[in-house]
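Welcome! Here is a short tour for anyone meeting this protein for the first time. Take a moment to look it over before reading on.

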Amino acid sequence: MWDFSTDPEFQKKLDWMKQFVRDEVEPMDLVFNRPGHNFDVTDKRALAAVRPLQAEVRRQGLWACHLTPDLGGQGYGQVQLALMNEILGATKWGPRVFGCQAPDSGNAEILAKFGTPEQRARYLAPLLDGEIVSCFSMTEPQGGSDPRVFETRAVRDGDEWVIDGYKWFSSQARWASFIIVMAVTDPAAPAAERFSMFLVPAETPGVTIVRNTGLMGEHEDEGAHAYIHYDKVRVPADAMLGQEGGAFHVAQVRLGGGRIHHAMRTLGAATKAYEMMKERAVSRFTQGGPLAGKQSTLAAIADSYVELLQFRLLVLHAAWTIDQGDREAGKIGIGSVKIMSPRILKDIVGRAIQLHGSLGVSNELPLGGYWVKAASQGLVDGPTEVHQIGLAKRILKDAKPAAGLFPSEHIPTREAAAREKLARYIAMREEEFA
Ligand SMILES: Cc1cc2nc3c(=O)[nH]c(=O)nc-3n(C[C@H](O)[C@H](O)[C@H](O)COP(=O)(O)OP(=O)(O)OC[C@H]3O[C@@H](n4cnc5c(N)ncnc54)[C@H](O)[C@@H]3O)c2cc1C
């Protein structure tokens, strides 16, 4: 929609990606289109179709670009990653074809950072090669945004840990080879030190998927978000990822980069809806003219254009602050885009649905999927409200209380001070102007 890349070599890569996604990846979306199909490593046909695409992406040097060079990545900065993720955003298979699929991308990051050499060899290597998929299991049925309500326990028993409890919305568990489970290891500790992470092979006895919850419109048990019972699940002591009591720290590492990439992918979906709206406005005729002749249509298109551009700049600015190495500014940027993502998508997709009439709400356009994505974006990785609180607290850190009884911008108070400052001029007599 708007080219921001100034490096011609990088721009060539973006152009290649756009064409490749349109020609090769979107057909995957249309044919292998079950919920979570892009994670289903048991579907041999889908695997046979995706492998050559992944090989081509590797040949182009674009595989798993979010990774640092020591893990095989290209060392792209966040601004470049943001531009790439935007292209992948309107597709389901895009991230899988390009080796940057959540939650695998985040799981790979924490394995790389906190995993022992044995853990990395067992889990990270096949994950990075795209041979297996993984799951992150943190949210519980009684609550997700406040970890203090989490109850799943891990108790040490000799050389093992025994995990007991229920987890909710553990995405992709049904296809995952291993699950990263967050469990309470010290209930008496402050929340930040109460939990530890465990690497649990999916086939471990006691791991039972109660059901695979679907998103709106998906059939029961066809979904990709597992309700899991961990019933006396035994794992060896060396299954712990990171330090005992260190789960919060591990989780934080996983979320930062992911949120900004989610935001740029959101932009990709919103842009697709916007482009659809433009086409519809000049294609559909009613009451003797195109929809584009109606003021309300023009307003919808103008608002969407402005909102998209604002959001794009917000995301690129957040990415740029991260690239500058300013952690605090980076967190403010990430919080900002996290709050705006669902809003932008909901507004633009909502308008696109309206302009498409009944077709808009049908399952014959991708808009319904984007609509659910908009609602999900307000929850995934923490609800909007929690991020608003976090963002506002950061912003308020350097706010200073007013020095006096009234606010600093109180006009009568300021006017009195200004009058005092300018008293000499106010008191000037007519003959002094000569
Ligand atoms: C598509 C999708 C995929 C997901 N994948 C995973 C996954 O792979 N692994 C995993 O562990 N979890 C996953 N989740 C769960 C996600 O992390 C939780 O949905 C999220 O943390 C919110 O928890 P909750 O759903 O229990 O909502 P609750 O915590 O019950 O919150 C519900 C609502 O209450 C309000 N609220 C909550 N706290 C506050 C507050 N402090 N101030 C004001 N209002 C508040 C907000 O409106 C919030 O939306 C996924 C969710 C979705 C939608």
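A nonpolar core is a set of buried Ala, Val, Leu, Ile, Met, Phe, Trp, Tyr and Cys residues joined through C-beta atoms within 7 Å. Keep that idea in mind, and keep in mind too that this is a predicted model.

**The whole protein**

Let us begin with the overall picture. The protein has 434 residues, and 41% of them count as buried. Its secondary structure comprises 15 helices and 10 strands, and its C-alpha trace spans about 100 × 65 × 40 Å along the principal axes. Among contacts between residues at least 6 apart in sequence, 70% join residues at least 24 apart.

**Two annotated domains**

UniProt, in an unreviewed entry, marks residues 15-131 as "Acyl-CoA dehydrogenase/oxidase N-terminal" and residues 135-231 as "Acyl-CoA oxidase/dehydrogenase middle". Here is what the model shows over these two spans:

| Span | Helix | Strand | Distance between end C-alpha atoms |
|---|---|---|---|
| Residues 15-131 | 61% | 0% | 28 Å |
| Residues 135-231 | 4% | 49% | 18 Å |

**Strands that pair**

Strand E7 (residues 225-236) pairs with strand E3 (residues 160-171) in the antiparallel sense, over nine bridges. Within this pairing, Ile163 has Val233 of E7 as its bridge partner. E7 also pairs with strand E6 (residues 207-213), again in the antiparallel sense, over six bridges. There, Thr208 is matched with His229 of E7.

**The nonpolar core**

Now back to the opening definition. The largest nonpolar core holds 104 residues, and those with the most contacts inside it are Phe198, Val200, Ala270, Ala273, Val315 and Val349. Helix H8 (residues 247-283) supplies the largest share of this core, with 13 residues. What does Phe198 touch, beyond its neighbours within four places in sequence? Its contacts include Trp161, Ile163, Val181, Val235 and Leu241. You have already met Ile163 as the bridge partner of Val233.

**A closer look at Pro342**

Pro342 sits in helix H10 (residues 327-355). Is Pro342 buried or exposed? A residue counts as buried if 20 or more other C-beta atoms lie within 10 Å of its own; Pro342 has 21, so it is buried. Setting aside residues up to four places away in sequence, Pro342 touches Ala374, Gln377, Gly378 and Thr384. Pro342 and Ala263 are 79 residues apart in sequence, while their C-alpha atoms are 8.8 Å apart in space.

Note on methods:
Residues are numbered from 1 along each chain as its sequence is written. This is a predicted model: local features need pLDDT of at least 70, side-chain atom pairs count only at pLDDT 80 or more; totals for chains, interfaces and linings use all residues. Two strands pair if DSSP finds at least two bridges between them. Helices (H or I, at least four residues) and strands (E, at least two) are DSSP runs, numbered from the N terminus. UniProt positions are given in the numbering used here, feature names are shortened, and annotations may be inferred rather than shown by experiment. A residue is buried if 20 or more other C-beta atoms lie within 10 Å of its own, exposed if 12 or fewer, and partly exposed in between; C-beta atoms are placed from the backbone. Two residues are in contact if their C-beta atoms, placed from the backbone, lie within 7 Å.
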